[in-house]
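Reader: I would like a close look at one part of this model. Please take the helix beside the ligand and work outward from there.

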Amino acid sequence: MTDPGLPPPVLVLEDVSVERGGRTVWSQGTLAVPAGAVVGVIGPNGAGKTTLFQVALGLLPVSAGRVRVLGAEPRRGDRRIGYVPQNYTAALGDAIRCRDLVTLGVTGHRFGLRRISAADRARVDEALRRVGALDYADRRMSELSGGQQQRVAIAQAIVDDAELLLLDEPLANLDLRNQQEIVTLLGELRRERAVTIMVVAHDLNPLLPVLTDAVYLLDGHPHHDPIGDVVQEDLLTHLYGTTVRVVRTAQGDLFTRAIGPEPL
Ligand SMILES: Nc1ncnc2c1ncn2[C@@H]1O[C@H](COP(=O)(O)OP(=O)(O)OP(=O)(O)O)[C@@H](O)[C@H]1O
């Protein structure tokens, strides 16, 4: 039973299975991601993390079960969801300018670029300002660093006031400082906009300060738990198939460390 005092969960799976190319990617997925959470989506390569996002975005039908996203069936082009795919910025054409990329988040297509209203232009500027990218708004994406590009991609995802942000590996290829800045930005967005954020990540450590929950793909099934229940040595060791230690420093910082395969 859902507590009537709480907002409804943003993503609900009821006994969901997904197949790709004739094989089951994951099955028996039953979970509910609460509104306002910052969720790490974790699991080994090929476990189906991106597949989960594609299901939520209505890009991939499920083979069994029922999915609800923001209270409705998943559907393509749902403006309430902001999505930054894996390697998104690398896949863009070289020529596009930052402001135009963010404008696509409002108009949905390139033809709209010339006909944008003053109100929409203001929203684009506000999104660029919010991620700290206004200074380079008129530069081409190809002229920016990886950290700057990721900010602009996030600006595009939030420009339409998304209620759910799906970020696939937003920290990949970023140095430690840029990773930290993007993580800080995610924490701020969550507080300011009450947005729910789901982040696919291979390295949990930089995200731990902001994560409230995790969805983890274990033995072919997706599960959801509060982050504290997931950052456990047994669970992470099982999940990744290599010994993982959980370390807590005297300052209370928590991090994980892989220390190699189990001895045979
Ligand atoms: N377009 C596709 N057609 C068929 N199978 C696919 C397709 N895309 C992915 N798969 C398969 O689905 C499974 C899950 O892929 P997915 O990309 O969701 O995994 P992932 O957990 O995000 O992996 P990674 O961590 O490597 O990015 C993999 O076995 C993959 O080979």
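Author: What follows starts at one helix and moves out to its surroundings.

The model is predicted. The helix is α1, residues 49–56. Seven of its eight residues are buried, so α1 is mostly covered. The buried ones are K49, T51, L52, F53, Q54, V55 and A56. Just after α1 comes G58, with a positive phi of about 75°.

Now the ligand. The residues around the ligand are R20, G21, V25, G43, N45, G46, A47, G48, K49, T50 and T51. α1 gives the most to this shell, with three residues. By class, the shell has seven polar residues, two charged and two nonpolar. K49 and T51 are in the shell. K49 and T51 are also among the buried residues of α1.

Next, the sheet against the helix. α1 lies across β1, β2 and β4. Its direction is at about 115° to β1. Three strands form an open sheet, in the order β2-β1-β4, with antiparallel pairing. β2 (23–33) and β4 (64–69) stand at the edges. Each has a single partner strand, so one side of each is left without a neighbour in the sheet. On average, neighbouring strands of this sheet are turned by 30° against each other, direction ignored. β1 covers residues 11–20. Its antiparallel pairing with β4 runs over five bridges. One bridge joins L11 to V69 in β4.

One residue of β2 deserves a check. Q28 is in that strand. Its phi is near 50°, a positive value in a residue other than glycine. Is Q28 buried, exposed or partly exposed? Q28 has 15 C-beta neighbours inside 10 Å, so it counts as partly exposed. A194 also has a positive phi near 50° and is not glycine. A194 is found in the loop between α6 (176–193) and β7 (196–200). A194 is exposed, because 11 other C-beta atoms lie within 10 Å and the limit for exposed is 12 or fewer.

Farther along the chain is a parallel pair. Strand β5 (residues 81–84) is covered on both faces. I81 and Y83 are buried on one side. G82 and V84 are buried on the other. β5 pairs with β6 (residues 164–168) in the parallel sense, over four bridges. The bridge partner of V84 in β6 is L167.

L167 leads on to I197. Leaving aside neighbours within four places in sequence, I197 is in contact with V38, V39, L165, L167, L186, L189 and R190. I197 also belongs to the largest nonpolar core, which has 72 residues. Within this core, V39, A155 and I197 touch the most other members. Helix α5 (residues 146–158) supplies the largest share of the core, six residues.

α5 also helps to cover another helix, α3. What covers the buried residues of α3 includes α4 (118–130) and α5. α3 spans residues 98–107. Eight of its ten residues are buried, so α3 is largely enclosed by the rest of the structure. The buried residues are C98, R99, D100, L101, V102, T103, G105 and V106.

Back to the starting point. α1 is mostly covered, lies across three named strands, β1, β2 and β4, and gives the most residues to the shell around the ligand.

Conventions: Residues are numbered from 1 along each chain as its sequence is written. This is a predicted model: local features need pLDDT of at least 70, side-chain atom pairs count only at pLDDT 80 or more; totals for chains, interfaces and linings use all residues. A residue is buried if 20 or more other C-beta atoms lie within 10 Å of its own, exposed if 12 or fewer, and partly exposed in between; C-beta atoms are placed from the backbone. Helices (H or I, at least four residues) and strands (E, at least two) are DSSP runs, numbered from the N terminus. Two strands pair if DSSP finds at least two bridges between them. A residue is near a molecule or strand if its C-beta atom, placed from the backbone, lies within 6 Å of it. Ala, Val, Leu, Ile, Met, Phe, Trp, Tyr, Cys and Pro count as nonpolar, Asp, Glu, Lys and Arg as charged, and the others, Gly among them, as polar. A nonpolar core is a set of buried Ala, Val, Leu, Ile, Met, Phe, Trp, Tyr and Cys residues joined through C-beta atoms within 7 Å. Two residues are in contact if their C-beta atoms, placed from the backbone, lie within 7 Å. Axes are lines fitted to C-alpha atoms, for helices over the stretch in contact, and angles run from 0 to 180 degrees between N-to-C directions.
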